[in-house]
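User: I should like to learn how to read strand pairing and cysteine placement in a protein model. Could we work through an example together?

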Amino acid sequence: MALIKKLLQSYKVIKVGDWFVILLFCALIIFSIKSLWNLPKGEYLEIYKKNEILATYSLNQKITKKINGMKGVTEIMIDNGKVRFSESLCPKKYCIHQGWINKTNQMVVCIPNQISISIIGAKRGYDTINY
């Protein structure tokens, strides 16, 4: 009971101007997240097998590709601007549960099959710069 009274007393310490500043900063954070982390849509799909580029496809088509991996056949579905793993023989199927990807620099990896798919844009971009 004493804890509740103490919380209510501290609540009264926050003034109207304090609430204004708190709401202003919350709005600024939400605006920053929406504007700065808006990745562009990808244009091409790169399929890697054992860290080597196996194939590159345009995302503007509707096809299904089967790739032979270390554990068996993996199926990749491209559907008008988005891509996903649709079938894989890996035990936990994390690659399938990742779902559709469509933004530049997004990637899904099937570790047991050693196959990965990555979305790229019209020109290569880098997440970070290494020295």
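Analyst: We may begin with one pair of strands in this predicted model. Strand β7, residues 115–120, pairs with β6 in the antiparallel sense, and the two are joined over four bridges. Within this pairing, C110 stands opposite I115 of β7.

User: What is the general idea behind such pairing, and in which order do the strands of the open sheet lie?

Analyst: In general, the strands of a sheet pair through backbone hydrogen bonds, in either a parallel or an antiparallel sense. Here the open sheet has four strands in the order β2-β1-β7-β6, with antiparallel pairing. Its edge strands are β2 (52–58) and β6 (107–110), each of which pairs on one side only. On average, neighbouring strands of this sheet are turned by 20° against each other, direction ignored.

User: How many helices and strands does the protein have?

Analyst: The protein has three helices and seven strands, and along the sequence they follow the pattern α-α-β-β-β-β-β-α-β-β. Of its 131 residues, 27% count as buried. Among contacts between residues at least 6 apart in sequence, 36% join residues at least 24 apart.

User: Let us return to I115. Is this residue buried or exposed, and which residues does it touch?

Analyst: A residue counts as buried when its relative accessible area is under 20%. I115 has a value of 0%, and is therefore buried. Leaving aside residues up to four places away in sequence, I115 touches I47, Y48, I67, N68, G69, T74, I76, F85, V108, V109 and C110. The C-alpha atoms of I115 and E52 are separated by 9.4 Å, although these residues lie 63 apart along the chain.

User: How should the cysteines be read, and how many disulfides are counted?

Analyst: In general, a disulfide is a covalent bond between the sulfur atoms of two cysteines. The criterion applied is a pair of cysteine sulfur atoms within 2.5 Å, and by this rule the count comes to zero. C110 is in no disulfide, the nearest cysteine sulfur being that of C95, 3.7 Å away.

User: Which of the classes buried, partly exposed and exposed applies to C110, and which to C26?

Analyst: C110 has a relative accessibility of 1% and so counts as buried. C26, with a relative accessible area of 39%, is partly exposed.

User: What is the accessible surface of the protein as a whole?

Analyst: The accessible surface comes to about 10000 Å², and 61% of it belongs to carbon and sulfur atoms.

Technical notes: Residues are numbered from 1 along each chain as its sequence is written. This is a predicted model: local features need pLDDT of at least 70, side-chain atom pairs count only at pLDDT 80 or more; totals for chains, interfaces and linings use all residues. Side-chain values use heavy atoms; hydrogens and water are left out. Buried means under 20% relative accessible area, exposed over 50%, partly exposed in between (1.4 Å probe, protein chains only). Contact means heavy atoms within 4.5 Å. Accessible areas come from the Shrake-Rupley method with a 1.4 Å probe; for residues, only the protein chains shown count as cover. Two strands pair if DSSP finds at least two bridges between them. Axes are lines fitted to C-alpha atoms, for helices over the stretch in contact, and angles run from 0 to 180 degrees between N-to-C directions.
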